[in-house]
Amino acid sequence: MKLKGLFSTAVAVLCGLVVLAGYFVRLDILVNASNTLITWAILLTAFAILLGIINLLIVHVGKITRKQKGGFYSIILIFAMLATFAIGLLAPHFPPASPAFDFAFRAVQLPVEASLMALLAVTLTYASIRLPRRRLSVFSVIFIITGLLVLLGTAPLPFLGDTPLVSDTLRPTIAQVLAASGARGILIGVALGALATGLRVLFGADRPYGGK
Amino acid sequence: MIGNEIILGLVAFGVVFLSAGLMLALSILRAKNPPSFRSLPAFDRLRRAVGRVVEDGSRLHVSLGRGGLVTPQGASALAGLSILRRLADLTSAGDKPPIATSGDAALALLSQATLQEAAENSGQLDYDPSAGRLTGLTPFSYAAGAIPPIRDENVSATVLMGNFGIEAALITDVANRSNTFSLASSDNLAAQAVMYATAQETLIGEELFAAGAYADSGPFHASSLTVQDILRWLAIAVMLGGALLKAAGIL
């Protein structure tokens with residue numbers, strides 16, 4: 001391992017151990033050191049957002065200069081990004097800019113995200129129809145039947161109201177017994193996996209900060 | 001109340017300490033004899049897809065999700081970075097480096113560092129910093145930004161690994177329409193459900209964290225998987241014991 005990698009690994013492992021120790025051993029010195037390190041991490045993350053936005057800008061400027069497909073959308077993105085950034089900088093010092101900043105979110109960002117959410121409903125319906133053709137297995141069949149039963153039990157039928165047996169017995173059993181117990185099992189597995197991943201980073205076996 | 005907190009803290013510390021000790025011991029013991037794992041079709045297909053990327057000169061797209069490193073979702077982001085590193089090494093013989101998209105700025109920076117290091121290790125001098133990209137900071141803007149690389153940049157395999165919400169379905173749907181292989185995994189339950197319906201291969205639950213071990217990332221990954229199994233059996237025993245004690249009226 002190069003000296004730079006060794007140094008970054010040592011710093012990362014030491015910081016990780018201090019934060020972990022501060023969580024379990026409630027000594028003032030450890031808790032304060034742990035809180036300070038977490039605050040530094042949050043500050044660095046905030047600065048990373050600025051770098052990330054510059055990266056986004058560079059990627060889209062590159063798309064325009066290389067005349068790649070979708071370059072026109074990149075022009076719109078850059079224009080919107082710079083305009084929103086300028087309004088955001090002006091807003092605290094120039095009160096008329098503040099409503100424009102709110103407008104950018106309410107009139108552009110929110111409707112676009114809501115449209116994508118609506119598109120997602122169609123996408124999922126279509127994907128569920130195609131699922132048996134793409135991956136025909138026992139689990140796929142169970143997945144589709146469960147989805148249909150929950151839908152039928154949740155949405156009342158026109159003129160008939162709730163579906164007998166499905167709305168009052170089957171759907172609650174699926175949602176509150178089968179799905180809830182399965183979900184808890186998956187979440188326990190995810191928590192154990194997260195613990196193992198954290199320990200790998202603490203041991204320096206995984207080094208996302210570089211230095212193989 | 002405070003007594004309970006101290007006991008829970010000690011139990012948690014005991015679990016972490018036990019896991020760390022087991023992981024260290026197993027990685028030393030099994031360094032020469034790596035354990036064999038049950039076959040997961042998703043990883044078999046991923047290996048084939050990576051081989052195809054190298055052979056036909058296409059690109060691999062790894063999407064790392066939106067898990068912030070200072071949030072509880074950071075572990076899934078780290079697992080994603082780990083598999084990105086391994087896949088970047090495996091595809092280094094190909095014509096084009098992988099693309100990594102993220103919905104968190106710090107994660108995007110780390111993906112750039114990971115890709116740069118993989119490029120340097122394989123002797124590629126022309127590393128493109130735009131290969132690691134931040135595509136958006138909200139769930140849907142991130143998903144919308146991760147779609148164009150799949151369509152426009154000759155991608156033949158898309159791997160989603162990290163913290164995603166239901167917006168992941170938009171990415172996997174485009175991957176399907178572009179006839180590219182898609183493997184998806186998230187630590188979020190709703191995302192796992194939509195991924196099951198839309199992706200070609202899905203990793204459920206802790207399989208996300210097993211990716212490193214299946215991609216031959218080293219003895220620590222293999223031993224961490226064994227530790228996960230031991231802890232799972234321990235959790236099952238504790239739950240069954242608790243249920244029996246409750247039924248007997250002792251608890």
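**Confidence, a surface patch and a buried threonine**

In this predicted model, chain A averages a pLDDT (the predictor's confidence in each residue, from 0 to 100) of 87, and 98% of its residues score at least 70. Among the elements of chain A (helices are DSSP runs of H or I with at least four residues, strands runs of E with at least two, numbered from the N terminus), mean pLDDT is lowest in helix α1 (residues 3-24), at 85, and highest in helix α2 (residues 28-65), at 91. Local features need pLDDT of at least 70, and side-chain atom pairs count only at pLDDT 80 or more, while totals for chains, interfaces and linings use all residues. Residues are numbered from 1 along each chain as its sequence is written, chains are lettered from A in the order in which they are written, and side-chain values use heavy atoms, without hydrogens or water.

Turning to the surface, Phe47(A), Leu50(A), Leu51(A), Ile54(A), Ile58(A), Phe85(A) and Leu89(A) make up a nonpolar patch with about 670 Å² of accessible area together. Two or more residues come from each of α2 and α3 (71-90) of chain A, and α2(A) gives the most, with five. Leu89(A), part of helix α3 of chain A, counts as exposed because its relative accessibility is 53% (exposed is over 50%, buried under 20%, partly exposed in between; 1.4 Å probe, protein chains only).

Thr198(B), by contrast, belongs to helix α7 (residues 189-198) of chain B and is buried, at 1% relative accessibility. Not counting residues up to four places away in sequence, Thr198(B) touches (heavy atoms within 4.5 Å) Leu124(A), Ala127(A), Arg134(A), Ala169(B), Thr172(B) and Asn176(B).

Terms used:
Patch = residues over 30% accessible without salt bridge, like charges linked within 9 Å, V, L, I, M, F, W, Y side chains within 5 Å. Areas by Shrake-Rupley, 256 points an atom, 1.4 Å probe, with all protein chains shown as cover. Salt bridge = Lys/Arg side-chain N within 4 Å of Asp/Glu carboxyl O.
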